[in-house]
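Got a protein model open and not sure where to look? Here is a quick briefing to go with it.

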Amino acid sequence: MRHLLRWLLAILLVVTSWPAIQQTASANSGGLAFDGVDDYVTFGPAAGLGAAQFTLETWFYWTGGGATAGSGSGGITAIPLIAKGRGEADSNSRDMNYILGIIPASGVLAADFEEGATGASPGLNHPVTGRTAVTPNVWHHAAVTYDGATWQLYLDGKLDATVAVGQPPRSDSIQHASLGAALTSTGAAEGAFAGTLDEARIWNYARSHFQITSNRIFQITAEPGLIGRWS
C-alpha cells in the first residue's frame, strides 16, 4: 500500500529562541521507517527552508535498497535523505536548492545544489561526493555544509570531502522540500530511501566541524539558525 508521509508527520521549527539541547539521542531508539518504494515526507514548497548557506544533517539506518533521484545534468544520482528539489529546470526558480543522499553503487554520501540567479552560471550543478562507503544495516550520521564558498561533507562526524565552489545556491527554489525522496515544484517524487531516518535537521548557516561532531548525538529542539527539524 502506498504510504505518503505528509508534513503532518513532521515537525518543522522556525526557531528564534536560545539553545535548547535535550537528552542524548540514542541512534537506535527509533525513527521514521521508509520502505524504499514510495514512502517519503513532503513539506511542500516550504519557502522557509530555502537557504543560501546551510547545514543538512540526519541519523540514518540504510538497509541497502531504495531508488535514486537525479539532481540534474552534471549533478548526482543518489538515494535521497534530505532534499529541496531535484532535476527539473535550469536558470529559474524550479532549480534545486539542495540535496543530500547516498550513491548506491559505491555506498558513499553525496550532495549537490544548482547555482542561483546571481551566480556566474545560473542552473549549473555543483556536486560533492564522499570517499568513505556507508555500511548498510548500521546507524550512521550524515552532514553536509555550504558556507557560500565551500562544500564540506561529513560521515559520522568525520570530514569526508571538500569542494570549493564560491557560487550561490538557488535559495528561492519553489521545489518541494522532503525526506526520503526528492520532489519537483509540483510535488512529483523521485527516489526512495530504504531504512530509517532520525533527528533530521536543516540549518540556515554552515555549522563548524566541532559543532557537527560534538552535537550530533544530542536532540536539539531550539537554537538560532535551526530552520527545520524532524525527530
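What follows is a short tour of some strands, a core and a few loop residues.

Keep in mind that this is a predicted model. We begin with strand β16, which covers residues 192-203. After that come the β6, β7 and β8 strands, the nonpolar cores, and three residues that sit in loops.

**Strand β16 and its partners**

- Every position in β16 is tucked away: twelve of its twelve residues are buried.
- Strand β2 (residues 32-35) pairs with β16 in the antiparallel sense, using four bridges. To find that pairing, look for Phe-34, which stands opposite Gly-195.
- Strand β4 (residues 54-67) is also antiparallel to β16, and nine bridges link them. Here Ala-67 faces Ala-192 of β16.
- Strand β18 (residues 226-230) is another antiparallel partner of β16, with four bridges. In this pair, Trp-203 is opposite Leu-226 of β18.

**Strands β6, β7 and β8**

- β7 is well covered too, with six of its six residues buried.
- On one pairing, β6 and β7 run antiparallel and are joined by five bridges. Ala-83 has Ile-99 in β7 as its bridge partner.
- β7 also pairs with β8, again in the antiparallel sense and over five bridges. Try spotting Ile-102, whose bridge partner in β8 is Leu-109.
- β7 and β8 make a hairpin with four residues between them. In its turn, Gly-107 has a positive phi of about 75°.

**The nonpolar cores**

- The largest nonpolar core has 38 residues, and those touching the most other members are Phe-60, Leu-81, Leu-109, Trp-151, Leu-179 and Phe-193.
- There is also a second, separate core of ten residues, and among them are Ala-83, Met-96, Ala-110 and Ala-182.
- Back in the largest core, pick Leu-81 and check who touches it: its contacts include Phe-60, Leu-109, Leu-179 and Phe-193. Others on its list include Thr-58, Leu-100, Ile-102 and Leu-197.

**Glu-114, a charged residue inside**

- Glu-114 belongs to the loop between β8 (108-112) and β9 (128-129).
- Which side chain of opposite charge is nearest to Glu-114? That is Arg-170, 8.4 Å away. A salt bridge here needs the charged atoms within 4 Å, and buried Glu-114 has none.
- What does the side chain of Glu-114 reach at 2.7 Å? The backbone nitrogen of Met-96 is there. Met-96 is also one of the members of the second core.
- Glu-114 touches plenty of other residues, including Ser-71, Arg-86, Asp-90, Asp-95, Leu-124, Asn-125 and Pro-168.

**Two loop residues with positive phi**

- Most residues other than glycine have a negative phi, which is a handy background for the next two.
- Ser-91 has a positive phi, near 65°. You'll find Ser-91 in the loop between β6 (77-84) and β7 (98-103).
- Is Ser-91 buried or partly exposed? Ser-91 counts as partly exposed because its relative accessibility is 45%, and that class runs from the 20% limit for buried to the 50% limit for exposed.
- Asn-137 also has a positive phi, this one near 60°. Asn-137 is placed in the loop between β9 and β10 (139-146).
- With a relative accessible area of 43%, Asn-137 is partly exposed.

Technical notes: Residues are numbered from 1 along each chain as its sequence is written. This is a predicted model: local features need pLDDT of at least 70, side-chain atom pairs count only at pLDDT 80 or more; totals for chains, interfaces and linings use all residues. Side-chain values use heavy atoms; hydrogens and water are left out. Buried means under 20% relative accessible area, exposed over 50%, partly exposed in between (1.4 Å probe, protein chains only). Lys and Arg count as positive and Asp and Glu as negative; His and the chain ends are not counted. A polar contact is a pair of N or O atoms within 3.5 Å; within protein, one must be able to donate a hydrogen and the other to accept it, and residues adjacent in sequence count only if both atoms are side-chain atoms. Contact means heavy atoms within 4.5 Å. Two strands pair if DSSP finds at least two bridges between them. A nonpolar core is a set of buried Ala, Val, Leu, Ile, Met, Phe, Trp, Tyr and Cys residues joined through side-chain atoms within 4.5 Å. Lists of a residue's contacts leave out its neighbours within four places in sequence.
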